[in-house]
Amino acid sequence: MTSILERLDKRFSSPLPKRSLDIEGKVTRMVGLTMEAVGLSAALGDRCAVQIRAERWVESEVVGFTGELTYLMPTEAIDGIAPGARVRPLKEDSQMPVGPGLLGRVVNGLGRPLDGKGPIQAQDYISLQGEIINPLERKPITDTLDVGIKAINGLLTVGKGQRLGLFAGSGVGKSVLLGMMTRFTEADITVVGLIGERGREVKEFIEQTLGEEGLARSVVVASPADDSALMRLRAAVLTSRIAEYYRDQGKNVLLLMDSLTRYAQAQREIALSVGEPPATKGYPPSVFSKLPWLVERAGNGKEGGGSVTAFYTVLTEGDDQQDPIADASRAILDGHVLLSRRLAEEGHYPAIDIEASISRAMPHIVSEAHLQGALQVKQLYSKFAQNRDLIAVGAYAKGSDPDLDRAITLMPAINGFLRQSLRESFTVDQTLEQLVKAMTSG
């Protein structure tokens with residue numbers, strides 16, 4: 001007979017059964033929109049649920065930590081939170097439903113429908129953390145993309161997989177230009193991110209600017225200005241991830257994000273709230289590392305795959321082109337289109353300042369004749385702009401400068417070429433015909 005001591009020794013020397021325990025924390029402090037929690041076992045970027053009332057839980061994300069303190073940022077309003085509120089880690093990753101059923105839908109930064117059309121019929125699910133493509137495996141930019149706008153097709157030609165910025169102050173027509181691109185561009189699918197816009201503008205863009213035809217082949221991710229900073233940040237990332245998903249399906253995707261500045265401001269709010277020191281004009285260093293991380297997700301896929309051609313709007317406060325976000329964006333984008341307030345006030349739409357705009361991919365994707373024609377238009381436009389005041393007051397004597405004489409003669413035709421109404425669309429071939437016509441009109 002086995003003795004009691006032998007049985008006890010055998011029992012306690014065997015390994016204990018493994019159990020997974022949910023370790024909850026509690027909120028100890030609330031400053032602004034940042035919660036401080038203790039007792040929480042979670043890593044940076046993990047999702048958590050915070051109990052606001054007995055039956056209400058709000059999703060939050062870990063945005064920092066100091067010692068035993070964990071900093072959380074909520075995705076929605078947390079009115080009614082009290083000291084000691086429970087914090088529960090969410091083990092599953094945030095998954096977004098994607099597939100053909102996503103086309104024509106409007107969702108928020110969490111992927112939840114905003115259009116009242118019911119649940120999204122999912123064919124697949126994606127995580128916000130996508131795979132980063134080796135830059136040496138990306139297909140180079142070799143093909144042009146027809147955006148239907150003469151000034152861009154002719155003088156700032158866009159390539160499939162290119163990333164450009166639309167730099168503009170308020171009220172110069174950037175939303176209208178984005179809507180024209182959505183309707184006229186030959187892309188298979190359009191993904192639109194409305195980040196930090198006014199709620200009224202979101203509805204107007206979808207119903208008026210985008211229209212029923214544009215929405216039918218688009219996906220819209222909307223996070224208006226009254227959303228939390230974390231929700232705006234997630235909406236921008238989700239917009240890029242949806243575009244990446246369709247690119248991986250072999251589609252040519254047009255990505256429009258309005259605006260990159262609001263994304264940077266959301267990251268600034270989060271960084272400052274967890275104690276990161278401000279650097280350039282109030283922007284912490286993390287903002288300038290997040291910008292390329294987001295922008296680099298667009299572009300061509302691997303050989304034989306699809307592409308994401310991206311346009312990011314950049315708000316220039318007070319039309320200041322040396323704004324830190326504008327300056328950083330120019331450095332990481334493949335070109336920029338500047339919208340001029342002076343042109344907009346003159347009724348010149350789209351108000352593209354071709355003198356200050358550039359497409360870095362254009363020399364490699366257009367013919368030599370096209371490139372030389374575009375350069376001549378730019379040179380004449382610049383020549384006229386530099387002498388505008390002399391011409392206006394009658395101080396210029398005709399015959400003093402042959403190049404300026406030609407610019408004065410051709411300027412009405414060039415301005416006519418650059419103007420385009422909201423409902424007009426021009427292919428690349430039609431654009432080149434009109435470009436030649438404008439240059440030979442004198």
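Q: In which sense do strand β1 and strand β6 pair, and over how many bridges?

A: The model is a predicted one, and in it strand β1 (residues 25–31) and strand β6 (residues 86–89) pair in the antiparallel sense, over two bridges. To place the register in residue terms, take Lys 26, which stands opposite Arg 86 in β6.

Q: Which bridges link β3 and β6, and what stands opposite Ala 49?

A: Three bridges connect β3 with β6, and the pairing is again described as antiparallel. Ala 49 has Arg 88 of β6 opposite it.

Q: How should I read the pairing of β3 with β4, and what lies between these strands?

A: Strand β3 (residues 47–53) runs antiparallel to β4, with six bridges between them, and a hairpin is formed in which two residues separate the two strands. One point of register is Cys 48, whose bridge partner in β4 is Ser 60.

Q: What joins β4 to β5, and which residue in the turn has a positive phi?

A: β4 and β5 are antiparallel and are joined by six bridges. They form a hairpin with two residues between them, and the turn holds Gly 67, whose phi is positive at about 60 degrees. Within this pairing Glu 61 stands opposite Met 73 in β5, and Glu 61 will return when we turn to the domains.

Q: Where do the domains of the protein begin and end?

A: The domain assignment gives domain 1 as 25–89, domain 2 as 95–364 and domain 3 as 370–440. Taken over C-alpha atoms, the centres of domain 1 and domain 2 are separated by 31 Å.

Q: How is the area buried between domain 1 and domain 2 to be read?

A: The size of an interface is often given as the accessible area that is lost when the parts come together. Here the area buried between domain 1 and domain 2 is about 910 Å², and carbon and sulfur atoms give 60% of that area. Counted by residues, 10 of domain 1 are in contact with nine of domain 2.

Q: How many salt bridges and how many residue pairs in polar contact are counted between domain 1 and domain 2, and which elements and residue classes make up the side of domain 1 that touches domain 2?

A: The count between these two domains is two salt bridges, while five residue pairs are in polar contact, with both residues at pLDDT 80 or more. On the side of domain 1 that touches domain 2, β4 (56–66) and β5 (69–74) each supply at least two residues, and the residues of that side divide into four nonpolar, two polar and four charged.

Q: Which side chain does Glu 61 meet in a salt bridge?

A: The side chain of Glu 61 meets that of Arg 234 in a salt bridge, with an N to O distance of 3.1 Å.

Q: Where does Tyr 396 lie, and what does Tyr 396 touch?

A: Tyr 396 is found in the loop between α12 (388–392) and α13 (402–418). If residues up to four places away in sequence are not counted, Tyr 396 touches Leu 390, Ile 391, Asp 401, Leu 404, Asp 405 and Ile 408.

Q: Which polar contacts does the side chain of Tyr 396 make?

A: The side chain of Tyr 396 reaches the backbone nitrogen of Asp 401 at 3.0 Å, and makes a polar contact with the side chain of Asp 405 at 2.7 Å.

Q: How many residues along the chain, and what C-alpha distance, separate Tyr 396 and Ser 286?

A: Tyr 396 and Ser 286 are 110 residues apart along the chain, and their C-alpha atoms are separated by 52 Å.

Terms used. Residues are numbered from 1 along each chain as its sequence is written. This is a predicted model: local features need pLDDT of at least 70, side-chain atom pairs count only at pLDDT 80 or more; totals for chains, interfaces and linings use all residues. Side-chain values use heavy atoms; hydrogens and water are left out. Domain bounds come from an automatic or database domain assignment. Contact means heavy atoms within 4.5 Å. Buried area is the accessible area (1.4 Å probe) that two parts lose on being put together, summed over both. A salt bridge is a side-chain nitrogen of Lys or Arg within 4 Å of a carboxyl oxygen of Asp or Glu. A polar contact is a pair of N or O atoms within 3.5 Å; within protein, one must be able to donate a hydrogen and the other to accept it, and residues adjacent in sequence count only if both atoms are side-chain atoms. Helices (H or I, at least four residues) and strands (E, at least two) are DSSP runs, numbered from the N terminus. Ala, Val, Leu, Ile, Met, Phe, Trp, Tyr, Cys and Pro count as nonpolar, Asp, Glu, Lys and Arg as charged, and the others, Gly among them, as polar. Two strands pair if DSSP finds at least two bridges between them.
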